[in-house]
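Colleague: I should like to go through this model with you and hear on what grounds each label has been assigned. Please set the value against the criterion in each case.

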Amino acid sequence: MDVPVVIAGAGPAGLMLAGELRLAGIGVVVLERLPARTGESRGLGFTARTMEVFDQRGLLRRFGEVQTSDQGHFGGIPVDFGLLDGAHQAAKTIPQSATEAVLEAWAGELGADIRRGHELTGVRDDGDGVAVTVRGPAGEHVLRAGWLVGCDGGRSAVRKAVGFDFPGTAATREMFLADLRGVELEPRMIGESLPGGMVMVGPLPGGVTRIIVCERDAPPRRRTGPPPFHEVADAWKRITGIDISAAEPVWLSAFGDATRQVTEYRRGRVLLAGDAAHVHLPAGGQGMNAGIQDAVNLGWKLAAVVRGTARADLLDTYHGERHPVGVRLLMNTRAQGLLFLNGAEMQPLRDVLAELTGYPDVARHLAAMVSGLEIAYDVGGGSHPWLGRRLPRLELDRGGRPSSTAELLRPARGLLLDFAGSAALRDRAAPWAGRIDVVTARPAAGRVPGATTAVLVRPDGHVAWAAPGTHADLPMALERWFGPAPR
């Protein structure tokens with residue numbers, strides 16, 4: 001075996017997964033076809049849930065000053081995201097290129113072996129391991145790994161090589177994205193629907209302006225590269241009447257509204273994450289964020305299986321938890337596309353939805369859906385409102401020393417928070433001491449539901465057990481998520 005895990009793709013999902021595995025001490029090789037980062041930035045900004053995830057890994061500070069906002073939209077309908085209970089607002093203007101640079105530096109510091117200019121050309125899973133054929137600067141060779149994870153985008157070579165089913169709908173329209181210099185345009189941050197189509201304008205750092213334009217009834221075209229700028233400028237002028245042809249294009253891209261999802265996220269020793277597993281209209285910038293959260297869900301599980309502390313069927317919960325999230329992701333992005341990209345025939349529905357979002361419960365529901373804060377995994381029965389959900393950030397007092405749940409999750413280990421100082425609780429968790437951290441603390445700020453005395457938190461920040469209010473007892477929950485107690 002050359003390495004425990006090979007990851008195909010050095011985008012946000014692949015790099016996040018590499019970092020998660022290295023936090024657990026697992027050897028990982030990341031294969032990236034491109035010889036260097038392109039600087040392209042399809043994704044822009046982070047959802048509130050991704051902000052939480054980055055906070056829990058100590059990554060937020062690496063982005064410098066982050067511009068945030070509690071104003072969002074659903075299909076172009078303004079929604080007040082300030083109604084959510086998260087400690088973080090969404091970040092609006094961080095380009096994907098900056099995200100990739102931060103994640104690559106972090107994963108590299110942790111010891112990930114990132115090999116650029118290495119293209120995966122073949123996969124063979126023999127049940128005991130995976131043989132990955134790689135074409136690199138020195139020619140073709142075979143890399144033997146215990147596990148392979150495809151994080152290699154919507155045209156995933158891993159997905160195709162292994163034969164994952166990828167049902168869905170083909171693109172019905174084409175959109176242009178352009179980052180421009182030397183042009184001043186009125187901001188249209190959530191976009192605007194005009195008779196000829198939809199346009200969006202947003203400022204980026206460095207004097208760059210991003211535009212997105214979707215000309216109604218323009219069929220998608222097969223392209224082998226980015227569109228010429230004159231096509232983008234012509235479409236912009238037809239829709240808005242504004243001439244942008246004198247601007248300097250920094251980066252151009254064309255994309256469609258294809259919607260597809262694999263039927264299984266794991267097949268044997270091969271798994272998929274991010275765009276390799278699901279593609280959709282990039283409404284609300286959810287794609288990159290969902291891929292990062294796929295990686296955080298998978299990383300600790302795969303690490304436990306590689307270490308031998310958990311059975312391989314723990315990996316089945318990756319599909320069981322993230323596939324339904326993908327289903328809802330595709331549902332809400334398709335709904336937003338119908339609202340946003342169609343013509344006047346959709347205006348009555350837009351008007352009704354705009355009226356409904358005036359009700360806080362409706363706005364909160366839509367905001368949580370788009371932000372990733374609504375996710376609740378099946379961790380077993382119980383009445384505690386945090387069960388299966390992400391643990392909100394809590395400020396903690398550890399015997400006079402301030403701390404927080406985000407700080408305690410930095411090592412990406414399980415966390416048992418004892419709010420009552422229970423010796424009996426610590427005794428019951430003692431056999432798992434090598435896999436989880438047991439911390440006695442009391443909340444210094446932030447509400448704890450009811451008479452909560454303890455919570456067990458998975459490395460991905462989701463609550464697996466709480467007292468009172470969980471049907472399973474603590475050892476059952478520890479064994480389910482962290483493997484049998486050592487003998």
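**Labels and their grounds**

Modeller: Let me begin with L353, which counts as buried because its relative accessibility is 15% and the cut-off for buried is under 20%. The model is a predicted one.

Colleague: Where is L353 found, and with which residues is it in contact, leaving aside its neighbours within four places in sequence?

Modeller: L353 is found in helix α8, residues 347-356. Beyond its neighbours within four places in sequence, L353 is in contact with F74, I77, L339 and L366. R398, by comparison, is 45 residues from L353 in sequence and 46 Å from L353 in space, C-alpha to C-alpha.

Colleague: What makes the protein as compact as a globular protein of its length?

Modeller: The protein has 12 helices and 28 strands. Its radius of gyration is 23 Å, close to the 23 Å that the globule rule gives for 487 residues, so the protein is as compact as a globular protein of that length. Along the principal axes, the C-alpha trace spans about 70 × 60 × 40 Å. Of the 487 residues, 54% count as buried. The protein exposes about 20,400 Å², of which carbon and sulfur atoms supply 52%. Among contacts between residues at least 6 apart in sequence, 68% join residues at least 24 apart.

Colleague: How do you know that helix α2 is largely enclosed by the rest of the structure?

Modeller: In α2, residues 48-56, 9 of the 9 residues are buried, so the helix is largely enclosed by the rest of the structure. The buried residues are A48, R49, T50, M51, E52, V53, F54, D55 and Q56. After α2 comes G58, with a positive phi near 70 degrees.

Colleague: What puts the buried residues of α12 on the same side of that helix?

Modeller: In α12, residues 474-482, the buried residues are L474, A477, L478, W481 and F482. They cover an arc of only 100 degrees around the axis, which puts them on the same side of α12. The general background is that an α-helix has 3.6 residues a turn, so residues three or four places apart point the same way.

Colleague: What is found at the start of α12, and which residue follows the helix?

Modeller: At the start, a side-chain oxygen of D473 comes to within 3.0 Å of the backbone nitrogen of M476. G483 follows α12, and its phi is positive, near 85 degrees.

Colleague: Why is the pairing of D179 with R210 called a polar contact?

Modeller: The two side chains make their contact at 2.8 Å, and the cut-off for such a pair of N or O atoms is within 3.5 Å. D179 has its place in strand β13, residues 174-181, and is buried because its relative accessibility is 7%. Leaving aside neighbours within four places in sequence, D179 is in contact with L204, V208, T209, R210, E248, P249, V250 and W251.

Colleague: Which side chain makes a polar contact with that of E215?

Modeller: The side chain of R238 does, at 2.7 Å. E215 lies in strand β16, residues 208-215. Not counting residues up to four places away in sequence, E215 touches E174, G196, G197, A235, R238 and I239.

Colleague: What backbone features deserve notice at D217, A412 and P468?

Modeller: Most residues other than glycine have a negative phi, and most peptide bonds are trans. D217, although not a glycine, has a positive phi of about 70 degrees; A412, also not a glycine, has a positive phi of about 60 degrees. The peptide bond from A467 to P468 is cis, with omega near -10 degrees. P468 lies in the loop between β28 (463-467) and α12.

Colleague: Are D217 and A412 buried or exposed?

Modeller: D217, in the loop between β16 and α5 (229-240), is exposed because its relative accessible area is 74%, and the threshold for exposed is over 50%. A412, in the loop between α10 (405-408) and β24 (414-418), is buried because its relative accessible area is 13%.

Colleague: How many disulfides does a search of the whole structure find?

Modeller: The search finds 0 disulfides. As for individual cysteines, C151 is buried at a relative accessible area of 9%, and C214 is buried at 1%.

Methods. Residues are numbered from 1 along each chain as its sequence is written. This is a predicted model: local features need pLDDT of at least 70, side-chain atom pairs count only at pLDDT 80 or more; totals for chains, interfaces and linings use all residues. Side-chain values use heavy atoms; hydrogens and water are left out. Buried means under 20% relative accessible area, exposed over 50%, partly exposed in between (1.4 Å probe, protein chains only). Helices (H or I, at least four residues) and strands (E, at least two) are DSSP runs, numbered from the N terminus. The arc is that of the directions from the helix axis to the C-beta atoms. A polar contact is a pair of N or O atoms within 3.5 Å; within protein, one must be able to donate a hydrogen and the other to accept it, and residues adjacent in sequence count only if both atoms are side-chain atoms. A disulfide is a pair of cysteine sulfur atoms within 2.5 Å. The radius of gyration is taken over C-alpha atoms; the globule rule is 2.2 Å times the number of residues to the power 0.38. Contact means heavy atoms within 4.5 Å. Accessible areas come from the Shrake-Rupley method with a 1.4 Å probe; for residues, only the protein chains shown count as cover.
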